[in-house]
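Please look through the structure shown below. The paragraphs after it start from a single residue and widen to the whole chain.

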Amino acid sequence: SDTGSGLVNHGGLTLDGRGRPHGAVMFDQPGGKRSFKHVWHDGNAWRSETLGSVIDGRPAIAATPGGKVWLLGGDRGRLVGVDVTPGSDHDRQEVTRVPSGWEVAYDTQALVRHGTIEILVPDGREPRVVTAELNSSRR
């Protein structure tokens, strides 16, 4: 991206159940705030929606076997998932506590093999694996 564009980085890509790509993009805003966009291809064209400041760290994005697409990230010491499935109301679910400034990364193989979002979270001297129970939310 161009210098000064506000584009910090992307949160990776995921494919939904139809094989269509989804991505999350983070932008720095004036005053130190961050803003996020969800981008996806609907089979005909690229679409995007502005999500605002739904989390406060670098995002990840995951598509679950149940057809949902989730923006994952830290927010004020909590790991949260925001439902960004096209047409959703952007329901937000808190998963667990995380250290301030922590950035999410999930096990893509667990998602492919078992349909679970498994995340390694620091916990004192030893990390722990947290399974984000996001499939059970309403559509």
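**From one residue to the whole chain**

Val69 counts as buried because its relative accessibility is 1%, and the cut-off for that class is under 20%. The model in which this value was computed is a predicted one. Val69 belongs to strand S6. Its surroundings can be listed by leaving out the neighbours within four places in sequence: Val69 is then in contact with Thr14, Asp16, His22 and His38, with the run Ile61, Ala62 and Ala63, and with the run Val82, Asp83, Val84 and Thr85. For Thr85, the C-alpha atom is 4.7 Å from that of Val69, although 16 residues separate the two in sequence.

Nonpolar side chains in soluble globular proteins tend to be buried together. Which residues have the most contacts inside the largest nonpolar core? They are Leu72, Trp102, Val104, Tyr106, Ile117 and Ile119, in a core of 16 residues. At least two residues of this core come from each of strands S5 (60-63), S6 (69-75), S9 (117-121) and S10 (128-132). The most is given by S9, which supplies three residues.

Val69 itself is in another core, which lies apart from the largest one and has 13 residues, including Ile55, Ile61 and Val80.

Back in the largest core, Ile117 can be described in the manner used for Val69. Beyond four places in sequence, Ile117 is in contact with Ala62, Thr64, Leu72, Tyr106 and Leu111, and also with Val130, Thr131, Ala132 and Leu134. Ala62 thus appears in the contact list of Ile117 and in that of Val69.

The next feature is a pocket. The largest one has a volume of about 230 Å³. Its lining consists of 13 residues, and those closest to the pocket centre are Asp16, Arg18, Arg20, His22 and Pro86. By class, the lining divides into five charged, five polar and three nonpolar residues. Two of the residues closest to the centre, Asp16 and His22, are also contacts of Val69.

The chain as a whole has 10 strands and one helix. Read from the N terminus, the order of elements is β-β-β-β-β-β-β-β-α-β-β. The chain contains 139 residues, of which 39% count as buried. Among contacts with a separation of 6 or more, 30% join residues 24 or more positions apart. The exposed area of the chain is about 8100 Å², and 45% of this comes from carbon and sulfur atoms.

Methods
Residues numbered from 1 in each chain as written. Predicted model: local features only at pLDDT ≥ 70, side-chain atom pairs only at ≥ 80, totals over all residues. Heavy atoms only, no water. Helix = DSSP H or I, 4+ residues; strand = E, 2+ residues; numbered from the N terminus. Buried < 20%, exposed > 50% of the residue type's maximum accessible area, 1.4 Å probe, protein only. Contact = heavy atoms within 4.5 Å. Areas by Shrake-Rupley, 256 points an atom, 1.4 Å probe, with all protein chains shown as cover. 1 Å grid on protein atoms, 1.4 Å probe; cavity = no way out; pocket = protein on both sides within 12 Å on 5 of 7 lines; lining within 4 Å. Points joined across faces, edges and corners; volume = space filled by probe spheres on them. Nonpolar A, V, L, I, M, F, W, Y, C, P; charged D, E, K, R; others polar. Core = buried A, V, L, I, M, F, W, Y, C linked by side-chain atoms within 4.5 Å.
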